[in-house]
Amino acid sequence: MASTRKRLEALTAGLMLSQPVTEPVAALAAEASPVVPPSASNAVETRFPPAVGGGLAPRTGPGQMMAFRGQIQQVEGEMAALREKLSQYEGSLPTRKIDPKTIRPSRWANRHDASFSSSAFAGLKADIEHAGGNVQPILVRPIKEEPGQFEIVFGHRRHRAALELGIPVLASIWVDELGDAALFAAMDRENRERADLSNYEQGLMYQRALEEQLFPTQRQLAEALGVSHTWVRKALMVAQLPPAVVECFRSPLEISFRHAEQINAAMEKDRRGVLKRVERLRGHSLAPAMVVARLLDAKPGFERSEKLDIVSGGQKLGTLVRAKSGEITITLSPEAATDASPEALEAGIAEALRKARTL
């Protein structure tokens, strides 16, 4: 302890302490301007800042130095705590609300127009309107050639909903360099994780990437995206169906991998026969399983059984069950069988049959 005191006295030798000032105004003036010694001596007064906190300031040079060192340690502690807090946000992207008119779809956009007229999109749009904006941000990248303009990486439906509602869209901004291949991979991964992209849209996305040489081969495309070669092949099979075949469906979004495989197998055996049946199917608005069955000239097979209520005049009369094989069974309740009029029964059954044909 004695040696420490001697070292401090040696370091502060020749330092002068200002005389205490009792008047508040004089004290403020003393802090605002340097103290000039009364003599013509060359001695310069050195003053340490007062210690933070209450209590009296130290009156000796060593005391003031110890107080100043305490202040430094306190500031260093606060800075360390701040760095710890900031480390929690390391790698995060800046997020802010942007005018959707300044954001354009990606050149690799994979949304078919039918996606924006579906009940799912209407539900998403209603949710965003109710919340006053999209809760989950979209991802965009700045367009270098056009300051203030952005391109969507993913989130096309959320952007479209905000655009139609006329409200800002919450977006994360990718500030680092992001090439087309990386953008494509990020878009594909987000869509697959959300499982909200149809097989047809997925296939069109892959086909466009191959046609524009973003990826030279299907194998390189699959490896870059981290998916199986079989997945890519099946998706491309849907996208490469003849336009006339696609037009047989109520929407291309209804075409599944299995549908495409069945149709392609049939066309390999009898392409002319399939295309002949295509002409008879256009505009009939049939269920996907029925379309495939007609194209293959086979009995319809359905992916699942369906059960529908038979209703007339707001009263349930019975049920209609359609099996996977396409067989339909109608069951009437005892009350309907004895009390319902033939007209009511006919109307209820006809409506149930109409619904069953569109499933």
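Visitor: What's the strand order in the open sheet of three strands?
Guide: In this predicted model, the order is β6-β7-β8, and the pairing is antiparallel.

Visitor: Which strands stand at the edges, and why does one side of each lack a neighbour?
Guide: Those are β6, residues 306-312, and β8, residues 328-332. Each has a single partner strand, so one side is left without a neighbour in the sheet.

Visitor: How much are neighbouring strands turned against each other?
Guide: By 25° on average, ignoring direction.

Visitor: And what holds strands of a sheet together in general?
Guide: They pair through backbone hydrogen bonds, either parallel or antiparallel.

Visitor: OK, how many bridges join β6 to β7?
Guide: Seven, with β7 covering residues 315-322. To pick out one partner, Lys307 is bridged to Val321 in β7.

Visitor: New topic: which residues touch the most other members in the largest nonpolar core?
Guide: Phe184, Tyr206, Leu221, Ile263 and Leu295, out of 46 residues in that core.

Visitor: Which elements each supply at least two residues of this core?
Guide: There's one strand to look for, β4 (150-154), and then a run of helices: α6 (180-194), α7 (199-211), α8 (218-225), α9 (229-239), α10 (243-246), α11 (257-281) and α12 (288-295). The largest share, eight residues, comes from α11.

Visitor: Back to Phe184, what is it in contact with?
Guide: Skipping neighbours within four places in sequence, Phe184 is in contact with Trp108, Met205, Tyr206, Ala209, Leu214, Phe215, Leu221 and Leu225.

Visitor: What does the second, separate core include?
Guide: That core has 10 residues, among them Ile138, Val140, Ile152 and Ala171.

Note on methods: Residues numbered from 1 in each chain as written. Predicted model: local features only at pLDDT ≥ 70, side-chain atom pairs only at ≥ 80, totals over all residues. Heavy atoms only, no water. Pairing = 2+ DSSP bridges. Helix = DSSP H or I, 4+ residues; strand = E, 2+ residues; numbered from the N terminus. Axes fitted to C-alpha atoms, helices over the stretch in contact; angles between N-to-C directions. Core = buried A, V, L, I, M, F, W, Y, C linked by side-chain atoms within 4.5 Å. Buried < 20%, exposed > 50% of the residue type's maximum accessible area, 1.4 Å probe, protein only. Contact = heavy atoms within 4.5 Å.
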